[in-house]
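Reader: Hey, I've got a protein model open and I'm not sure where to start. Can you walk me through a few bits of it?
Author: Sure, let's have a look together.

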Amino acid sequence: MKKILILSAFALLSVTSAMAQVRYVADKIVAKVNDKIILKSDVESQVVEMERNGHAPATAACEALEGMIAQKVLVLQAERDSLPISESDVDGQIENRIRYILGQYGGDRQKMEEITGYTVYQMKERFREPIREAILAKAMRDKIFNAVKVTPTEVRQNHESIPQDSLPFYESELEIGQVVIFPKASKDMEKYAIERLMDFKQRVENKEAEFSTLANLYSEDPSVKMNGGIISIARSERDNFDPEFAAAAFRLREGEISSPVKSQFGYHLIKMLKRQGDNIVIQHILLKANIMKSDKEAAIEKLDSVRTLVLEKKISFDKAVADNSDDPMAKFNGGMIQDPQTGSTFITIDQMNDPSMQDIVLMIDTMKAGDISKPVSFEEQGREGVRIIYLKTRTKPHRENMVDDYSRIQERTLVIKQQDALKKWLIQNIPTFYVHVENEYANCGQIKEWVAAMAKQ
């Protein structure tokens, strides 16, 4: 049975990435669901993404359009039912996906903007409505799926329906979690950083030193070596910067130097070089309050206690993450390392080729499923951190079987039943909306069924 493609927020972001590779797409409206339109360029971009992911059958355009129509119907029904969504969830997913896309270009924002044709701010605005719709559609799907359950008999039947030589073969896969703490500097060290910056400010204002010279000599911002600490900020892009840093920068007058400003990276001294309408050019010096040995030891001691509580089953790993992790992504991924392409928590060693994960690869080499490492130090984007690593599962390369892969087979069986439920729901509910599809797509399988259902009504 052909699955109905429902676009996720990630897929919609990938579509836009794919659009950067499409030189020309004749644009026109190919479908309408109430007041929501679907453009030919949307369909073509999704097909490009399907090709990139190795799934582009002859019916790719049909599958893409069917998924988009289904998504619009789910969104409209969710709005009818007044299903609640959180704007903070929308903002969180936008930040998550922007971070992922930026990572595809090595963190080089300028390169990303040149290739995609969009600034980060433009991407955020462009993706807001698609992501909002994706969240609404998911809420409606969840409502439909809530009543769908599978029995052990159905799981076994699903497994046995696949010929032995056609069963999936799985490489060794891992589920890895982490609890992260970034040690906090002592008040004395913070005071020392502030006093040094105040001294720099006084020396510049007394014309005893040049701001640029002090930046080159003392700033701990790596970009100083490239541009002397000079940053251009458009007002439309201020959300890309630490909010305290951006707010302080925009308050300054030309030639004015701020008092020390605290951000997530440390303390800054900011000088306003030039205003151009709503855009500014500033220069800054970054000093980080030194993390002392005692600060790291306190973080290690805390994580050691957390580790003991989890191992003694006094708290779950999920609770350990929720109550203790300083990783900003922890509230989205529960502390689990994910496949950036699919969001799956099952990953292979080959997928852990990022330099920041090499120490984790070495650690888990001697760990068994269920083990939690002792606290270890690491560095991320110039910040010193401490973490414990949890090896939740480790599988050996094998052909699918009911012992090792019951949860996978159960999930697959459930997905099939959910797709059946969704298909029936769409046939029943699409006639309650105005749906128009251009003739070139009228013979698409699902669309043909929907049109027939509408005709009966």
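**A chat about the model**

Author: Let's start with cysteines: the count comes to 1 disulfide. Keep in mind that this is a predicted model.

Reader: Okay, and which cysteines does the disulfide join?

Author: Cys62 and Cys444, with 2.0 Å from S to S. Cys62 sits in helix α3 (residues 60-80), while Cys444 is in the loop between β12 (435-437) and α17 (445-456), so the bond ties together parts that are 382 residues apart in sequence.

Reader: Remind me, what is a disulfide?

Author: A covalent bond between the sulfur atoms of two cysteines.

Reader: Is this one left-handed or right-handed, and why?

Author: Left-handed, because the torsion about the S-S bond of Cys62 and Cys444 is about -70°.

Reader: Is Cys62 buried or exposed? And what about Cys444, buried or exposed?

Author: Cys62 counts as buried because its relative accessibility is 19%, and buried means under 20%. Cys444 has 2% relative accessibility, so it counts as buried too.

Reader: Cool. Switching to sheets: in what order do the strands of the open sheet come?

Author: The order is β5-β8-β7-β6, so 4 strands with antiparallel pairing. At the edges are β5 (230-234) and β6, each pairing on one side only. From one strand to the next, the twist averages 45°.

Reader: How many bridges are there between β6 and β7?

Author: 3 bridges, in the antiparallel sense. As for a residue pair, Lys262 has Tyr267 in β7 as its bridge partner.

Reader: And pockets? How much space lies in the second largest pocket?

Author: About 510 Å³. It has 20 lining residues, and the closest to the centre of this pocket are Pro183, Gln264, Phe265, Ile291 and Arg383.

Reader: Which strands supply at least two residues each to that lining?

Author: β6 (261-263) and β7 (266-276), which we just met in the sheet, do, and so does β10 (383-394). By type, the lining divides into 7 nonpolar, 5 polar and 8 charged residues.

Reader: Last thing: which residue in the loop between β1 (29-33) and β2 (36-39) has a positive phi?

Author: Asn34, at about 50°, although it isn't a glycine. Asn34 is in that loop, and at 30% relative accessibility it counts as partly exposed.

Reader: What about Ser82?

Author: Ser82 has a positive phi of about 55° and isn't a glycine either. You'll find Ser82 in the loop between α3 and α4 (87-104), and with 58% relative accessibility it counts as exposed.

Key. Residues are numbered from 1 along each chain as its sequence is written. This is a predicted model: local features need pLDDT of at least 70, side-chain atom pairs count only at pLDDT 80 or more; totals for chains, interfaces and linings use all residues. Side-chain values use heavy atoms; hydrogens and water are left out. On a 1 Å grid over the protein atoms alone, a cavity is a set of points where a 1.4 Å probe fits but cannot get out, and a pocket is an open set with protein on both sides within 12 Å along at least five of seven lines; lining residues have an atom within 4 Å of a point. Grid points are joined across faces, edges and corners, and a volume is the space filled by probe spheres set on the points. Ala, Val, Leu, Ile, Met, Phe, Trp, Tyr, Cys and Pro count as nonpolar, Asp, Glu, Lys and Arg as charged, and the others, Gly among them, as polar. A disulfide is a pair of cysteine sulfur atoms within 2.5 Å. Buried means under 20% relative accessible area, exposed over 50%, partly exposed in between (1.4 Å probe, protein chains only). Two strands pair if DSSP finds at least two bridges between them. Axes are lines fitted to C-alpha atoms, for helices over the stretch in contact, and angles run from 0 to 180 degrees between N-to-C directions.
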